[in-house]
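Open the model in your viewer and keep the sequence panel beside it. Follow the stops below in order, selecting as you go.

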Amino acid sequence: MTFNFLYKLLLEMPQRIDIDLKMEETVAHIKKVGRFVEKVKLNNIDYDVWEVNNGDTDLYFIHNDKVVAAEVGFYPKKYGIEENLIQQNPKYKGLARAIYIEYLLKKYSYILSDTTMTPAGLGFWIKLYEQYKDTFVFSIYEISTKVNRRIHSANEMRRVHGKNKKFHNYRYMVQHKQ
């Protein structure tokens, strides 16, 4: 069996077709219940941004009118946003970070993480920090004391992350340099 034969077989699998159909159904649903916001270019790819409000704000970045490349959910605050959800289609590497830096931080002065962060969420924030630490200010916000401490290394982020409930007191923040 050659690689080309296997690749063609994978492309013809019913599961792949089913996934594509569900993706198109998802895009159709977003367009039915949401509103078009604007067209943007991130990482040299064009996206249509759609917004759906369900108590929070959900933004969908749709590529080629049929693929949801990323979804970002957040609660708007006075000057910034508190994240609720970020999901990225694996085919669009780095898109979530580009959305935060090149899209959301152009509209809001800060982004605050949610409280119960998964290991993938920690990895996202560490990558964001490592890539943009010289351009933006990153800090750890302690909810109980309302103290915001600037981060100087990714290890500081790791030290306040974990399954234990005490770690729910900490959030990460990224904001513009003053």
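Select D58 and G73. G73 sits in β4 and is the bridge partner of D58. This is a predicted model, so treat each stop as a computed picture.

**Stop 1: strand β3 and its partners**

Now select the whole of β4, residues 67-76, together with β3. Seven bridges join these two strands, and they run antiparallel. Next, add β2, residues 45-53. β2 also runs antiparallel to β3, with six bridges between them. To see one pairing here, pick E51 and L59: L59 of β3 is the bridge partner of E51.

Stay with β3 and show residues 57-63. Is this strand mostly covered or uncovered? It is mostly covered, as seven of its seven residues are buried. Show the side chains. In a regular strand, side chains alternate between the two faces of the sheet. Look for that pattern here: T57, L59, F61 and H63 point one way. D58, Y60 and I62 point the other way. The residues on both sides are buried.

**Stop 2: the turns**

Go to the hairpin of β2 and β3 and select G55. Three residues lie between the strands, and G55 has a positive phi near 95°. Move on to the hairpin of β3 and β4, which also has three residues between its strands. Select N64, in the loop between β3 and β4. Its phi is near 55°, a positive value in a residue other than glycine. Is N64 buried or exposed? N64 counts as exposed because its relative accessibility is 56%, and the cut-off is over 50%.

Now find N44, in the loop between β1 (35-42) and β2. N44 is not a glycine, yet it has a positive phi of about 65°. N44 is exposed, with a relative accessible area of 71%.

**Stop 3: the largest pocket**

Select I86, A96, A120, G121 and F124. These lie nearest the centre of the largest pocket, which is lined by 20 residues. The pocket holds about 460 Å³ of space. Colour β5 (81-88), α3 (95-107) and α4 (119-132): each supplies at least two residues of the lining. Which classes of residue make up the lining? There are seven nonpolar, eight polar and five charged residues.

Zoom in on I86, which lies in strand β5. I86 is partly exposed, at 25% relative accessibility. Leaving aside neighbours within four places in sequence, I86 is in contact with E71, V72, A96 and Y100. Then draw a distance from the C-alpha of I86 to that of D58. They are 28 residues apart in sequence and 9.4 Å apart in space.

**Stop 4: the nonpolar cores**

In soluble globular proteins, nonpolar side chains tend to be buried together. Select F61, L104, W125, L128 and F138. They have the most contacts inside the largest nonpolar core, which has 40 residues. α3 gives the most to this core, with nine residues. Another core, of seven residues, lies apart from it; V27, I30, V52 and V68 are among its members.

Finish on F138. What does F138 touch, not counting residues up to four places away in sequence? Its contacts include W125, L128, Y129 and Y132. Add R149, R150, I151, M173 and V174, which F138 also touches. K133 is one of its contacts too.

Notes: Residues numbered from 1 in each chain as written. Predicted model: local features only at pLDDT ≥ 70, side-chain atom pairs only at ≥ 80, totals over all residues. Heavy atoms only, no water. 1 Å grid on protein atoms, 1.4 Å probe; cavity = no way out; pocket = protein on both sides within 12 Å on 5 of 7 lines; lining within 4 Å. Points joined across faces, edges and corners; volume = space filled by probe spheres on them. Helix = DSSP H or I, 4+ residues; strand = E, 2+ residues; numbered from the N terminus. Nonpolar A, V, L, I, M, F, W, Y, C, P; charged D, E, K, R; others polar. Buried < 20%, exposed > 50% of the residue type's maximum accessible area, 1.4 Å probe, protein only. Pairing = 2+ DSSP bridges. Core = buried A, V, L, I, M, F, W, Y, C linked by side-chain atoms within 4.5 Å. Contact = heavy atoms within 4.5 Å.
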